[in-house]
Amino acid sequence: MARILVIDDEAPLRTVLRRILERAGHDVVDAPDGGAGVERQITHRPHVVLTDIHMPGPDARETIRALRRQDPQVRIVVISGDGTTGETLDDVANTLGADRGLAKPFEVEGVLRTVAELLDGTQ
C-alpha cells in the first residue's frame, strides 16, 4: 500500500489515525508537530500526509510549504476540528496548499476514502 505521515499535536488522535491506516495495510509514521513532520518526511518519503491545521510550532501553511518544497508530488490532507466541514474545508485546504480537508470528528470510512482518492493515479 502507501506510506503515510500523520502530523497532529494530539497523541490520541495520532494513535487512532495510525491504527485505522495500518489496518488498511498502509505504512504509517507520525509526528507531534510540523517541524518533526517535515523531518520525518525526509526519511519516510510519504505518499500522503495528514496534518492538523491548528498546532503549536510551525502553522499548517508553513508546514505544508516545507512539505511541498521537499516533495511537490506529496498529497496533503488538512484536518480541522473547528467546525468547518465539506466543501468549505476543501476550500481552506486549497488556500493552505493542501489537496483535501478532513473534518474532526471523522468516520473511519471517510479517512480511508479520502486517502484512497488521493492515491488514485499517484502510485
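This briefing describes the strand order, the central strand and the helix contacts of the structure above.

The model is a predicted one. Its 5 strands form an open sheet in the order E2-E1-E3-E4-E5, with parallel pairing, and the twist from one strand to the next averages 20°. Helix H1 packs on this sheet, while two helix pairs, H2 with H3 and H1 with H5, are described further below.

**The sheet and its edges**

- The edge strands are E2 (27-31) and E5 (100-103), each of which pairs on one side only.
- Strands of a sheet pair through backbone hydrogen bonds, either parallel or antiparallel.
- H1 touches E1, E2, E3 and E4 where it packs on the sheet, and the direction of H1 makes about 170° with that of E2.

**Strand E3 and its neighbours**

- Strand E3 (residues 48-52) pairs in the parallel sense with strand E1 (residues 3-7) over 4 bridges, and Val48 of E3 is the bridge partner of Ile4.
- E3 also pairs in the parallel sense with strand E4 (residues 75-80), here over 5 bridges; in E4, Val78 is the bridge partner of Thr51, and Val77 stands opposite Leu50.
- E3 is mostly covered, with 5 of its 5 residues buried.
- In a regular strand the side chains alternate between the two faces of the sheet.
- In E3 both faces are covered, since Val48, Leu50 and Asp52 on one side are buried, as are Val49 and Thr51 on the other.

**Helices H2 and H3**

- The axes of helix H2 (residues 34-44) and helix H3 (residues 60-70) come within 9 Å and cross at roughly 10°, which means that H2 is roughly parallel to H3.
- H2 contributes Gly34, Gly37, Val38, Gln41 and Ile42 to the contact, and H3 contributes Thr63, Ala66, Leu67 and Gln70.
- By class, the residues of the contact of H2 with H3 divide into 4 nonpolar and 5 polar, with no charged residue.

**Helices H1 and H5**

- The axes of helix H1 (residues 11-23) and helix H5 (residues 108-119) come within 10 Å and cross at roughly 65°, and H1 passes H5 in a right-handed crossing.
- The contact is made by Leu17, Ile20 and Leu21 on the H1 side and by Val108, Val111, Leu112 and Val115 on the H5 side.
- The residues of the contact of H1 with H5 comprise 7 nonpolar, no polar and no charged.

How values were computed:
Residues numbered from 1 in each chain as written. Predicted model: local features only at pLDDT ≥ 70, side-chain atom pairs only at ≥ 80, totals over all residues. Heavy atoms only, no water. Axes fitted to C-alpha atoms, helices over the stretch in contact; angles between N-to-C directions. Parallel < 35°, antiparallel > 145°, perpendicular 65-115°, else oblique. Contact = heavy atoms within 4.5 Å. Nonpolar A, V, L, I, M, F, W, Y, C, P; charged D, E, K, R; others polar. Left-handed = near helix turned anticlockwise from the far one by under 90°. Buried < 20%, exposed > 50% of the residue type's maximum accessible area, 1.4 Å probe, protein only. Pairing = 2+ DSSP bridges.
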